[in-house]
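Reader: I'd like a close look at one small part of this model, with some background on how far to trust it. Here it is.

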Amino acid sequence: RFFAWCIRVLAVVVVVSGEVPAGDWQTDESGADPDETRSLYDKWGAAYSDTVTAWGYQLPKRVATKLLDLFPNKEMLSILDAGAGDGLVGQALRASGLNKSFIVGLDISPELIKMAQERGVYNETLEHDLNELLPYPPGRFAAVTCVGALNYLESSSNVLSEFRRVTKRGGVIIFSMRSDHMNEWKHDMYLTSAQAWTLIYRSPPMPYFPANPDFKKVKAHILAFKVKQKVVPRPKDEI
């Protein structure tokens with residue numbers, strides 16, 4: 001597939017130059033191969049934050065700000081940051097004043113999650129593929145954040161169902177989603193899950209990487225849902 005070819009070419013460039021070039025490597029369809037995604041971000045490594053910051057990436061800060069708006073008790077939240085990368089969202093949450101909250105960061109890339117751990121913004125970190133079931137019991141977290149990671153997943157992965165399962169009743173799940181992926185995910189977001197959660201916030205479309213000319217037409221939304229259905233545990237043989 002074209003996406004897979006772009007990932008392989010980009011990986012070679014990263015190894016040679018230590019930088020990620022502008023291009024259409026992230027503008028293709030969702031559902032990237034997990035091994036290729038892991039390899040890409042492992043090789044991107046230390047250059048990741050500097051690169052996306054130079055591209056004007058503001059979604060981590062905006063998601064953190066909106067999450068804080070949705071909770072009256074901002075100090076004692078238990079938060080899962082899914083697809084944490086090297087910790088940009090965790091850093092934004094701590095910078096907003098969540099010093100007493102218990103925040104877990106997980107990511108598919110062992111290199112990035114190691115960097116996230118070194119930032120010191122997470123209480124726990126874990127290497128994990130979001131295509132797989134989350135290793136947490138029902139209702140473990142008051143909130144789940146996921147910024148950017150859904151771009152690489154398909155709605156059939158059941159990742160949103162897993163987010164709902166590990167979130168307490170009354171908790172919040174907040175994530176970013178590219179505008180060109182919204183149609184693929186709308187069935188799980190609005191139709192099959194109407195009894196499980198309710199939409200409480202949807203941002204207008206905003207630039208994804210505004211300083212990267214290859215992304216000038218790519219927009220993203222921030223969406224927040226409140227979990228309203230009592231969580232149902234998975235069968236014991238699936239835990």
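What is the relative accessibility of Asp 180, and does it count as buried, partly exposed or exposed?

Author: Asp 180 comes out at 48% relative accessibility, which makes it partly exposed (buried is under 20% relative accessible area, exposed over 50%, partly exposed in between, with a 1.4 Å probe and protein chains only). Before going on, a word on the ground rules: this is a predicted model, so local features need pLDDT of at least 70 and side-chain atom pairs count only at pLDDT 80 or more, while totals for chains, interfaces and linings use all residues. Residues are numbered from 1 along each chain as its sequence is written, and side-chain values use heavy atoms, with hydrogens and water left out.

Asp 180 has a partner: its side chain meets that of Arg 178 in a salt bridge, 2.7 Å from N to O (a side-chain nitrogen of Lys or Arg within 4 Å of a carboxyl oxygen of Asp or Glu). Arg 178, at 1% relative accessibility, is buried.

By that rule there are five salt bridges. Another one joins Asp 188 and Arg 164, at 3.4 Å from N to O. Asp 188 sits in helix α8 and Arg 164 in helix α7, so this pair ties together parts 24 residues apart in sequence (helices are DSSP runs of H or I, at least four residues, strands are E runs of at least two, and both are numbered from the N terminus). Here both ends are buried, Asp 188 at 13% and Arg 164 at 10%. Beyond four places in sequence, Asp 188 also has Leu 160, Ser 161, Ser 193 and Trp 197 among its contacts (heavy atoms within 4.5 Å).

Then there's Asp 69 with Lys 66, whose closest N and O atoms are 3.9 Å apart. Those two share helix α4, three residues apart, about one turn. Asp 69 is exposed, at 53%.

As for trust, the protein chain has a mean pLDDT of 80, with 72% of its residues at 70 or more (pLDDT being the predictor's confidence in each residue, from 0 to 100). Strand β1 has the highest mean among the elements, 97, and helix α1 the lowest, 37. Residues 1–18 stay under 50, and residues 235–239 do as well. Where pLDDT is low, the predicted coordinates should not be read in detail.
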